[in-house]
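Student: Before we begin, I should like to see the structure and then ask how its labels are justified.

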Amino acid sequence: LQICVSKCPDRYLTYLTAYGNPSSLEYYRDFCSPEFKNPRKAPLEVLKDKECPAMLIPSTPLARRCFPAIQAKKGVIMVGNETTYDDGRGRRRNVTELLEGAKKANVVLETRQLAMKIFEDYTVSWYWIIIGLVIAMVASLIFIVLLRFLAGIMVWVMIVMVILVLGYGIFHCYMEYAKLKGEAGSDVSLTDLGFQTDLRVYLHLRQTWLAFMIILCVLELIIVLLLIFLRKRILIAIALIKEASRAVGHVMSSLLFPLCTFFLLCLCIAYWASTAVFLSTSNEAVYKVFNESACPFSGQTCRPETFNTSNITKLCPDAQCLFAFYGGETAYHKYLIALQFFNVFMFFWLANFVIALGQVTLAGAFASYYWAFKKPDDMPAFPLFSAFGRALRYHTGSLAFGSLVLAIVQVIRVTLEYLDHRLKAAENKFAKFLLSCLKCCFWCLEKFIKFLNRNAYIMIAIYGTNFCTSARNAFSLLMRNIIRVAVLDKVTDFLFFLGKLLIVGSVGILAFFFFTQRIKLVQDTAPPLNYYWVPILTVIVGSYLIAHGFFSVYGMCVDTLFLCFLDDLERNDGSAEKPYFMSQNLRKLLKKTNKGQPDA
């Protein structure tokens, strides 16, 4: 039983001791439940009905709780200036036995102090954190603009560096192989040596370095051959990335659109969380009859308010009405887990719909750039708002259907994770193996559906066809150009990784030097902190989220322009009736011309 009191007890006292002393009993009543009305009631009955605690201990308030007032004086543990206490049975016990009950008090206190210090750090450094995030935003924007000029240089420098690193690896392996010539034990074969736990043993064998050298030579040859045969596709990927930078420059409002998606996702999360809390707290406290001897009412529900005056206590004197669980026995309470499951499913559906709405809006805006023959003159005045309006007016059903398919797969994955958690203690290895295989399959299926949905939404934004038709056309178009897809995917992945690493790393290093007061020019400006890692980690995480938001827009732009480019090549031939809509740089790269039309 827990009750609220005006102040914590300040003395040792048992109810048996207080019962025979009116003044002590009056003090004791401050720590009894409000139902305690009869001070002449037998102590055994009072304690059985849990109307008063069996014992009071000198305590101090901590986190709105009363904990034993433990202190150490000259190495001696004391509670309330006493080293022993009366347990109510005429025995004196050592206060060290109370330490176990108050062991977690220090954890609560330390956690509270840590939280207060972190809060203090935020109050004195919040504006510097905002400045750091603004720097990350500006750096992300500058990087996207510079991709128009530096994408090709960065890609080719990276390729040359990979080739040089592999070449040095081959040279190093050959030098180690030659150095071990004639040394004792270096000519032992790997098969004769067998498996060794100390892997350094293998580095003293010539055969090991020969194997490394052969592997690196094969990798070097494969990369060189890929460069020879895929050089044109790499150039196309670089040209598309540069074109995407131009498109983002003409639709600058697209960089802020992720904030709208984030706001809608927050609403979805708030709806799901509030519904889940309401469902969880709609249960009722269920009390049941517990007894030590045989009783016909054992296990039946009861009401604590009327239990002492009921016939149960007369027929079963040792019976008690105790709390059993939260729940209920109505049809609503029995199917409450089904309602929670449906709430999770609706959360996935709504979240996927919001993400789909953002993707089709961005795709529509960037597609209007590509299919404008004279860029940017033929573009709509507000391409992003126009695309958003079209998505809500014409494509809501397609987005809902695509989100539904993905939500079903995600709910299945959640169910499999729940089953896996329940089967952790089971000994059935076949069931665990089957469950692991199913989890792997549905993980792959979810990744494939996300890829298919993303490209289907682009086709929906371009042509306005339904989801199934768009998904089929997008998948067929990508499969007919699978090598171009692979090359563009890897090139963009590399550039995005490089951009995120550069932005997060540079802003994080700048924040580290600033908050640790290592920059002499602004040494006096940096705020005093309890933990300098608090604002630094906040800036690093925030910088990553900002860079991820910017590059997600840029990635959607690249994917949209790529699908438009592939469709442009298949649908048009450069004639006056079917001119190419791609930029002049892409036409030059592919040696395509528009007959009878001026260059866009």
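**Salt bridges and a helix crossing**

Tutor: In this predicted model, arginine 480 and glutamate 570 form a salt bridge, with 2.8 Å between the closest N and O atoms. Arginine 480 lies in the loop between helix H15 (467–479) and helix H16 (482–515), and glutamate 570 in helix H17 (residues 533–571), so the pair ties together parts that are 90 residues apart in sequence.

Student: What makes the contact of arginine 480 with glutamate 570 a salt bridge?

Tutor: The closest N and O atoms are 2.8 Å apart. The label requires a side-chain nitrogen of Lys or Arg within 4 Å of a carboxyl oxygen of Asp or Glu. The pair therefore qualifies as a salt bridge.

Student: Why is glutamate 570 called partly exposed?

Tutor: Its relative accessibility is 41%. Partly exposed covers the range between the buried limit, under 20%, and the exposed limit, over 50%, so glutamate 570 counts as partly exposed.

Student: How many salt bridges does a search of the whole structure find?

Tutor: The search finds 12 salt bridges. One of them joins arginine 413 to glutamate 446, with the closest N and O atoms 2.4 Å apart. This pair links distant parts of the chain, arginine 413 being in helix H13 (residues 396–422) and glutamate 446 in helix H14 (residues 429–463), 33 residues apart. Arg413, Glu446 and Lys450 are linked in a network of salt bridges.

Student: How do you know whether glutamate 446 is buried or exposed?

Tutor: Glutamate 446 has 8% relative accessibility. Buried means under 20%, so glutamate 446 counts as buried. Arginine 413, at 23%, counts as partly exposed.

Student: What makes the pair of lysine 439 and glutamate 417 a salt bridge?

Tutor: The N to O distance between their side chains is 3.7 Å, and the cut-off is within 4 Å; the pair therefore counts as a salt bridge. Lysine 439 lies in helix H14 and glutamate 417 in helix H13, so parts 22 residues apart in sequence are tied together.

Student: Why is H6 called oblique to H16?

Tutor: The axes of helix H6 (residues 206–250) and H16 come within 9 Å and cross at roughly 55 degrees. Roughly parallel requires under 35 degrees, and roughly perpendicular 65 to 115. The crossing fits neither range, so H6 is oblique to H16.

Student: What kinds of residues make up the contact of H6 with H16?

Tutor: They divide into 11 nonpolar, 1 polar and 2 charged. Among them, Leu230 and Arg233 are in H6, while Arg484 and Thr492 are in H16.

Definitions and conventions:
Residues numbered from 1 in each chain as written. Predicted model: local features only at pLDDT ≥ 70, side-chain atom pairs only at ≥ 80, totals over all residues. Heavy atoms only, no water. Helix = DSSP H or I, 4+ residues; strand = E, 2+ residues; numbered from the N terminus. Buried < 20%, exposed > 50% of the residue type's maximum accessible area, 1.4 Å probe, protein only. Axes fitted to C-alpha atoms, helices over the stretch in contact; angles between N-to-C directions. Parallel < 35°, antiparallel > 145°, perpendicular 65-115°, else oblique. Contact = heavy atoms within 4.5 Å. Nonpolar A, V, L, I, M, F, W, Y, C, P; charged D, E, K, R; others polar.
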